[in-house]
Amino acid sequence: MQKAIDDGDPVTIAELPKAEYETASNDQRFRAINILLDNNKGGADQIRADIGIPKIWDSFKGTDEAISQRPAEWERSLREKRNITASSHYFGGLRKLFFRDVVHVVTGYLNENEQFCKAQFPRLGLDEHGKVMIGPPTKQQTDELARLRPEAQKIAADKEAMSALRNVECGYSVKESLPGGAGDEKNGSHEGERVKFDPDPVKKPPGAPAQGEMKTWDEVNEQYQNLHQLVAARLAANPVLAAMDRESDEARQGAQKVASATREEALEEIGRSLIDTLANIAQTRKLLSPTMVEEFKPVHQQLVTGKVPTVHQPPDRQWEGSPVLRPAGQAIVEELSPEPVEVIAKAVGMFALYAVIGFVTGGTALAVAALAQDAAEMALQAGKAEALATAAGTNVTAETTLVTRGQVDEARAALIEKAAFAFLDIAGGISAVGGALKEVVQFEKQAATAAQKARSLADKWMQSGEKAVPVALLAETEAAAKEARAGANGANSRKGAVGADGAARAEVAAATAEKEAGAAESAAADMKASLEGGHGKAGHPEPIAVGGHKVGVRGVWVTRCSESPCSEIASSITARVRKIFIKGPTRNPAHWVFNEQLNDVTKAAADLQTRARRELIKYPVGHPSRVNAEKLLNQEGAAVEREMQRLENLEGAGLVETTTLREGIHGVASNLERTMVAKANAIFSRMPKPPKGKCIAMSESGTPMISGYATHPERAASVAEHAAVIDAALVENRLYDKRFRGEASASHSEKMAGIAVPGEPIAVALPMCANCYAFFAQEAKVSGLTQVVAEPHLTNVFFADGVRVSIDRAGHRTVIGPSGSISTTTTPAIPGQ
């Protein structure tokens, strides 16, 4: 073996007898592997040489340990010579482990999905066979169906719009073929028949229309895909509705029935779809053979990227964190065809596996985490079922998440729907549906326009600061409210004349018109009542005084009033935040936390504004239910105002950078800190057990680091080099320092894990020593990155300004200032939240 290595002949190395490999040292084996990997001459000799790669890997005794010491060669083998490396017996064993773990994860998902489906029966008033139970429903059952109906209506309307987009002409059947007929953007390049839109890219019309002649396929497809993603998001947030209408992306009969049919009919539809899903789950279990398990590709992606929820993780193995398993898992994923096998899709629709991932144990948030973003593209191509699983993470743009904490962002959803409906009106898709729908849509616009005018007039009054409404302004607002009501009445009277292809859109349009009319009437009624008095009069509860200001309800707003003028509280907060927000690049974490708390109070005020409008349009001024709602809104508004005043006082007194007082910026936890602490603590659940007498540490995405320079000699040396760069002293130990001073200190597992991915949360299996505390404090100071390290009994946050915050498992926070000053609090949350 040694002579063949010295000669550097790849063919000679590859054709050595098996005994030569088995008697070689690990260093000789790795040197031989590198020679074979570097050989890229091609031809017959190349083939003869490559055969040696799997033979050498199979010759190791303790292959896992050998790879852990020299992971680079294993990664190169699987990256550069994957096909031949995968033929080794060792890799074959890893492949079996991988598919065994896929079965484990899939089985967990199926069990969870089964529990979810069965749990829906009593929630809705269905028996175990999906049939409506005899007797009156409970309040909870009534409320659950009432919650689902409007969601189903929106889904049906969005799917209906997707179907209507197929009526839009977007090109020609033949590209211009005459000599010299290249065409141009203005005049187009086409022959043949006008073609209607089909979302299949293969059916994109070859002939380009003239500029302005009709919408292009890309323009129509943009609206179609936006609606498709919105539907997927709505289904992810309402998984019980995802079990129906699986025939096609535009099928909506089931959703429409849930939205508008009788209680019994709606429940029968839901029950039937849940029973079908349970049958699919049972069928999928039967298909969990080694052959079929290869087709569960999103689960493969989850394993190798660490996205499998903790509750479903395979026992004793983390594929994403192992130097042996991670490259092997990636190679397995790459070697499998990216195209799904049709037999699986046709047999069970893949719905049973993916549709309700994680909803039992963690809601939509778990489903969001369940699939990596790169798996989303694969899943969307594989069919509707996988699309549902990834929908919770689907973005309209890179910054616009449609599902957050299990709820669809209705403001963003409304923008998508409004754009798509307007597009249909302009492009002619609505004309194919019928005139009655056009009338309903026109009535909706009438109500919306009039309601907007009423709101503008009410805003004008509210911002004027006048306690009484001018008579002329009131008359104009009341006229706008009547106009909105006429639009709503018109929409409701004509929606019944709309055919099946436009019924869902008509229902949504009429409901929107009704809502707009109600808002306009509420504003007018409130203005009229306010002629009799201001805050605390005319049926309003007394406002709450906060630091010389009064917080109370006017119109459909929570307002902050001084002597003059009044302003809507969200607008007031936004304007005041702009004045004290710390601008420009800064490495001071006190500034980061201060700005984050300003963002929090701004969001709280905006949420209050939205909720106030929603609650206050339900009842007229003076109604007992409205009075109670106003009292609660006043209290919430006062809490938001107090928090804003606290931040203003903190900035005004120059206390933003205070670190030793309870009122100081580090006395409370920021959202960023809470997130990083939670991530650090979560590492413990997937951290492998350390060898006897050793410690182990892991960063969020890094490889587990075992203490001691023998295990990771190169990493310990890197720690020493990094410590010299950041001027962090290492403790010398003459007994254990072998190669350089401070070697034993540099080989502490948390230091080795920390330098791999700077700034990532870290967990360590044993309590930290004083030198490690000093190391991470210095790292934070020099790098400007907050460092978070979780120990078994507490978690430490090292800030760039020299402050260290330690949080024990009971939530007690100890703030240690740069000078050693200490303060303790038991309030881990931001005041007012």
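Hi everyone, let's start with the rings. A search of the whole structure turns up 12 aromatic pairs. Before I show you some of them, please keep in mind that this is a predicted model.

Here is one of those pairs: Phe-197 with Trp-217. Their ring centres are 5.9 Å apart, and the planes meet at 40°. How does that count: stacked, edge-to-face or tilted? It counts as tilted, because edge-to-face needs over 60 degrees and stacked needs under 30. Now find the two residues on the chain. Phe-197 is in the loop that runs between strand E2 (191-196) and helix H12 (217-237), while Trp-217 belongs to helix H12, so this pair ties together parts that are 20 residues apart in sequence. And are they buried or exposed? Phe-197 and Trp-217 are both buried.

Next, please look at Phe-775 and Phe-776. These two make an edge-to-face pair, with 5.5 Å from centre to centre and 85° between the planes. Phe-775 is buried, and Phe-776 is buried too.

Rings can also join up in groups. Which residues do ring pairs link into a cluster? They are Phe-30, Trp-57, Phe-60, Trp-74 and Tyr-90. Phe-60 has a charged partner as well: the charged end of Arg-29 sits over the Phe-60 ring, 5.1 Å from its centre. You can find a similar arrangement at Tyr-773, where the charged end of Arg-804 sits over the ring, 4.3 Å from the centre.

Let's step back to the whole chain. Its secondary structure consists of 33 helices and 16 strands. There are 833 residues, and 50% of them count as buried. If we take the contacts between residues at least 6 apart in sequence, 67% join residues at least 24 apart. As for the surface, the chain exposes about 37,900 Å², with carbon and sulfur atoms supplying 54% of that.

Finally, how confident is the predictor? The mean pLDDT of the chain is 77, and 79% of the residues reach 70 or more. Where is confidence lowest, and where is it highest? Helix H20, residues 373-382, has the lowest value, a mean of 26, and strand E11, residues 762-764, has the highest, at 94. Two stretches deserve a word here. Over residues 658-665 the pLDDT is below 50, and in the model this stretch has 22 contacts beyond near neighbours in sequence. Residues 826-833 also have a pLDDT below 50, with 23 contacts beyond near neighbours in sequence.

That's my tour. Thanks for listening!

Definitions and conventions
Residues numbered from 1 in each chain as written. Predicted model: local features only at pLDDT ≥ 70, side-chain atom pairs only at ≥ 80, totals over all residues. Heavy atoms only, no water. pLDDT = per-residue confidence, 0-100. Helix = DSSP H or I, 4+ residues; strand = E, 2+ residues; numbered from the N terminus. Contact = heavy atoms within 4.5 Å. Buried < 20%, exposed > 50% of the residue type's maximum accessible area, 1.4 Å probe, protein only. Areas by Shrake-Rupley, 256 points an atom, 1.4 Å probe, with all protein chains shown as cover. Phe/Tyr/Trp six-rings, centres within 6.5 Å; stacked < 30°, edge-to-face > 60°. Lys NZ or Arg CZ within 6 Å of the ring centre and 35° of its normal.
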